[in-house]
Amino acid sequence: MADDDAALEIPQLYKYHAFGCMTQRPPSHPRGSCGALGAQPLWERLAKTLETQRLAEVGFTAAGCFGFCSAGPLLVVYPEGIWYRPTTAADIDEIVEQHFKQGKRVDRLVMVLQR
Ligand code: FES
């Protein structure tokens with residue numbers, strides 16, 4: 001095996017990997033931010049729920065700005081690449097129960113991109 005191939009041998013740790021935007025701008029900032037829209041307590045709930053329910057196959061990573069700041073808080077879930085916009089603790093619980101445990105997208109929380 002060549003050295004370049006070694007990087008490809010990393011085992012897949014997660015069935016799902018969620019990225020939550022943690023960017024915080026002042027409330028008066030013209031771009032807005034997920035942080036100003038209440039992201040932090042939501043991601044804390046998600047991380048705690050994954051831990052307490054021992055959902056080790058679901059990873060959560062705090063991320064920077066995804067570029068759709070006024071639409072936040074934004075949570076992107078792979079491998080599907082689904083963009084969720086949860087706003088309440090109940091929304092987080094629904095994503096955990098329906099998406100991560102049952103493998104079903106939570107349609108009502110999907111952020112729809114318009115072209
Ligand atoms: S601040 Fe979250 S997408 Fe930009």
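Student: How do you know that helix 2 meets helix 3?

Tutor: The model is predicted, and the contacts are computed from it. Leu42, Arg45, Leu46 and Thr49 in helix 2 meet Ala89, Ile92 and Val96 in helix 3. Residues count as in contact when their C-beta atoms lie within 7 Å.

Student: What makes up this contact of helix 2 with helix 3, by class?

Tutor: Five residues are nonpolar, one is polar and one is charged. Arg counts as charged. Thr falls among the polar ones.

Student: What describes the packing of helix 2 and helix 3?

Tutor: Two packed helices are described by an angle and a distance between their axes. Here the angle is about 35 degrees, and the axes are 9 Å apart. Helix 2 spans residues 39–52, and helix 3 spans residues 89–101.

Student: Why is the crossing of helix 2 and helix 3 called right-handed?

Tutor: The near helix is turned clockwise from the far one by less than a right angle, which means a right-handed crossing.

Student: Now the sheet. Which order do the strands take?

Tutor: The order is 2-1-3-4. This is an open sheet of four strands, with mixed pairing. On average, neighbouring strands are turned by 20 degrees against each other, direction ignored.

Student: What makes strand 2 and strand 4 edge strands?

Tutor: Strand 2 (58–63) and strand 4 (82–84) each have a single partner strand, so one side of each has no neighbour in the sheet.

Student: How do you know that strand 3 and strand 4 pair?

Tutor: Pairing needs at least two bridges. Three bridges join strand 3 (residues 75–78) to strand 4, so the two strands pair. They run antiparallel. Leu75 stands opposite Tyr84 in strand 4.

Student: Which peptide bond leading to Pro73 is cis, and where is Pro73?

Tutor: The bond from Gly72 to Pro73 is cis, with omega near 5 degrees. Pro73 is in the loop between strand 2 and strand 3. Most peptide bonds are trans.

Student: What joins Tyr78 and Pro79?

Tutor: A cis peptide bond, with omega about 20 degrees. Pro79 sits in the loop between strand 3 and strand 4.

Student: What is notable about phi of Arg54?

Tutor: Phi is near 55 degrees, a positive value in a residue other than glycine. Most such residues have a negative phi. Arg54 lies in the loop between helix 2 and strand 2.

Student: Why is Arg54 called exposed?

Tutor: The cut-off for exposed is 12 or fewer other C-beta atoms within 10 Å. Arg54 has 7, so Arg54 is exposed.

Terms used: Residues are numbered from 1 along each chain as its sequence is written. This is a predicted model: local features need pLDDT of at least 70, side-chain atom pairs count only at pLDDT 80 or more; totals for chains, interfaces and linings use all residues. Axes are lines fitted to C-alpha atoms, for helices over the stretch in contact, and angles run from 0 to 180 degrees between N-to-C directions. Two residues are in contact if their C-beta atoms, placed from the backbone, lie within 7 Å. A residue is buried if 20 or more other C-beta atoms lie within 10 Å of its own, exposed if 12 or fewer, and partly exposed in between; C-beta atoms are placed from the backbone.
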